[in-house]
Each structure stands twice: as structure tokens, then as C-alpha cells.
Amino acid sequence: MAFVDRAVPSVYAPALKAQFHLTDTQLGALQGPAFVALYVAATLLAGHRGHRLPPAPLLAGAAALWTAATVALAFASTYEGLLAARLVLGLAQAAFAPAALALIVAAAPPERLSRWVSMFTSGSSMGRSGALLAGGLALGAFSGGLLSAFGHAPWRAAIVLLTLPNLLLVALLAWRLRGLRPSASDDQGLGRAIARLAARPAGLGLHFLASGCVILAVQAAAAWAPSIVNRACGLPPAASALLAGAVVLVAAPSGHLAAGWLMDRRLRAGGGPALVLAGGLALAVLGALLLAGASTPAVAAAALFLITAGGGGAALAALAGLQPLSPAGLRPPMNGLYLAFVTVAGLGFGPLLTGEVSDRLFAGPHGLAMALALVTTLAAAFAALAAALGASPWRRLARETLRAANA
């Protein structure tokens, strides 16, 4: 549900562009930097001390606040209002991911850690699919005159409808997590995580760099996929969202779960994430290049499948590959630091950079798709290089961490 609400500007980008007379750069800023601005600082704080707070009020409160922010976006009358709503959304969602990931990693059997993490990351991608499918259906229904209270902006009614399941989510979080106690007080804080990262630039630093490039490519594609289908294939906004959502519904869990299985095998054999990450990125680049020339829905769907499955698999390999590099007590703040970094790299630069490249270098119905292909190819190249250079240091640090845990 967090990713349903996070994906709202992507789902309704054509409607927002028309309503507020926005450029691709402004749309990219709304999808990325506006969300990231407060998200990063709050994620660092959540990773530092959030896991020591009672999970029920923390997670339920975060869900309630980001729901309110999404409703505020639906009623915004200016571009500045849209930006303000995204700022609050980023602040609220920042508290959620590190705390949720800490619960999952603490409970996961070591031999199945990657698959447990892949279930979590599949939830995020399934949320994006749900936003595209439900958002496209709602937009189509309201555009047909089902609801007139929102005047000539059916996208506003569709966004409000998407937030209604959050009310059940808030209640379930408060109920199911009641009585769950926070982590032990001997867990380590953000300062120790930063110190470990600074002391191991080859093992951890290169992994962070590769992961940031992966998420940049993933978020660029996620933000612009409906708009690309809308422009290149001539489909209306509702149909574009439905097509992208249907592809993500199948491709995202396929990529995440397959990568989780592969990563568990790699970790048991003493290997790292580099091969899985590079393989996923190769599929994503192939899909982006195919999408740049797509003019029919069938070709666009095939291209989006490759981008989503490959990028999702690479993203899972990056997150799962981080877990063996830190002792258990340091994982919550290290994950918070990681999430903050990749969010800046991904959401902060991916959508905005693609919009800038589209506005400045390319024109026509395929211009945005060509911009995405260029950004994806460059990001994948840097990610593969960083992962290859960091493969041996990753293995050494993983062995060192395991020996220290068993000592």
C-alpha cells in the first residue's frame, strides 16, 4: 500500500501534465526529489532508533500519515500543493521501510534470508502494479461520468479511491503488531553503520554504489512507463496504466522471487550478488532498448516485462546482498543508511534525469522512451562495473562478518 500511494504521480502523470501544464522535468521532480527531500533524513533517523520503538504505533501511525498526504495531493490546486503533499508522503513512509525490514530480517532463517527479503520487495512492486491497475480502472470509470463531485478532474476521485484500503491497513497494523516489543537496547546506531561503511569502501562502498545505480534505473522506468505507453502507442491514460499494471503484476514477483532463490544458492556457495545483479540489469537494458522503438501495445508490454523482471531481480540481489555484510545488531541502521542512499540515487535522480534528457535531447512520441533507454543503459553499465570491482571485497567482508558472528 505504501507503493500504491508512492506511485500515484506515475499513474496519473498524463492527467497531471495536462491539468497543471507541467514539463517532463517538473513531473520528474514531483515523482522523485519532492518525495526524497524529507524521506532521506527521516529514513536515517528511523534506521538509527526506529527499531527501538514499539512497532504497532510506529507503523500504523506512519500509514495513517501517508494516507492523509495522498488525499491532500488529490485535492491540491497548484503545483506547489502537489510538491507539499509529496514531501509529507516521503516523511511518513520513511519510518516504515527500515522498521518493517528489521522485523523480517530478524525473523528469517539464515538459509532463506534472500527469499524472505524477496517477499518484502515483491510487495513493493506488487503495490506499484496495484496502483496502475486500480488507478487505471478508477480513472476510466470516473472519466465516464460515474462521479461528478470532482468536476472535470476524474484523477482526483481516482486517487481518493486508492487510499480507502489504507484505513483497513492502519487497523491491521495496530492490531496484529500489538504487544510486539522493540529490539534489544544493545543494537547499534547509525554512527556505527557509517563508520563501518567508511572503513570498508571496497566491500560496502562499491556495493552501495552498484545498488544506487540499479535503483536509479528501476525508478526511472517505474515513473515513466505509463507515460511512455501513452505517448508511443497512442493509448489513453487509463489504458496505459492498465497495460503497465498488468505487466508489472506478473513481471515484478517473477523477477524478485527468482532472484531471491538464486541469491540463496549463491550465498550458500559463498558467492555474492554480482552475477545475479548483472544478469537482471542485462534484461532491463534489453527491455529499455526494445521500448525505445515500440509502437504497438504488444511490443511495449514485452519490453516492460523485461525491464520490470530484470530490474526487480537486480534490486533484490542488491538488498539481499547487503545483509551478510553486517553483524545482526548493526543491520537495522545499515539498512536505513542503504535505503536512504538508494532512494536519493533512484527516486531523487532517476525520474528527474529521464525527464531532463527527454526535454533537452529527444522529441516526438518516442522521445521519452529513448531518454529512458539512455539513462537505463548508462546506469546499468556503472552498476555492473561497481559490482564486478566489488565482488572479491564483498566475499572477504562476508566471510569476516560470519567468522565474527560465530566466534
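What follows is a walk through the fold, the cores and one short helix of this predicted model.

On the broad architecture, the protein is built from helices: there are 18 of them, and zero strands. The radius of gyration comes out at 20 Å, close to the 22 Å that the globule rule gives for 407 residues, so the protein is as compact as a globular protein of that length. The C-alpha trace isn't a perfect ball, though, spanning about 65 × 45 × 30 Å along its principal axes. Some 57% of the 407 residues count as buried. The accessible surface adds up to about 15900 Å², and carbon and sulfur atoms account for 71% of that area. As for how the chain meets itself, take the contacts between residues at least 6 apart in sequence: 81% of these join residues at least 24 apart.

Next, the interior. The largest nonpolar core holds 72 residues, and Trp-66, Val-214 and Leu-277 are the ones with the most contacts inside it. Both domains feed into this core, with at least three residues coming from domain 1 (1-185) and at least three from domain 2 (188-406). Leu-277 gives a good view of the packing. Setting aside neighbours within four places in sequence, Leu-277 touches Val-214 along with a run of alanines, namely Ala-314, Ala-317, Ala-318, Ala-383 and Ala-387. There is also a second core, separate from the one above, with 65 residues that include Cys-233, Ala-244, Val-357 and Ala-369.

The cysteines deserve a quick look. Cys-233, already met in the second core, has a relative accessible area of 15% and is buried because that value is under the 20% cut-off. Cys-213 is also buried, at 14% relative accessibility. No cross-links turn up, however: a search of the whole structure finds zero disulfides.

Finally, helix H3 shows how a short element can sit among many others. H3 covers residues 13-20, and its buried residues are Ala-13, Pro-14, Ala-15, Leu-16 and Phe-20. These buried residues pack against helix H2 (8-11) and helix H4 (24-31), and also against helix H7 (79-94), helix H10 (154-176), helix H12 (201-233) and helix H13 (237-268). Just after H3 comes His-21, which has a positive phi, near 55 degrees.

Terms used: Residues numbered from 1 in each chain as written. Predicted model: local features only at pLDDT ≥ 70, side-chain atom pairs only at ≥ 80, totals over all residues. Heavy atoms only, no water. Core = buried A, V, L, I, M, F, W, Y, C linked by side-chain atoms within 4.5 Å. Buried < 20%, exposed > 50% of the residue type's maximum accessible area, 1.4 Å probe, protein only. Domains from an automatic or database assignment. Contact = heavy atoms within 4.5 Å. Helix = DSSP H or I, 4+ residues; strand = E, 2+ residues; numbered from the N terminus. Rg over C-alpha atoms; globule rule 2.2 N^0.38 Å. Areas by Shrake-Rupley, 256 points an atom, 1.4 Å probe, with all protein chains shown as cover. Disulfide = S-S within 2.5 Å.
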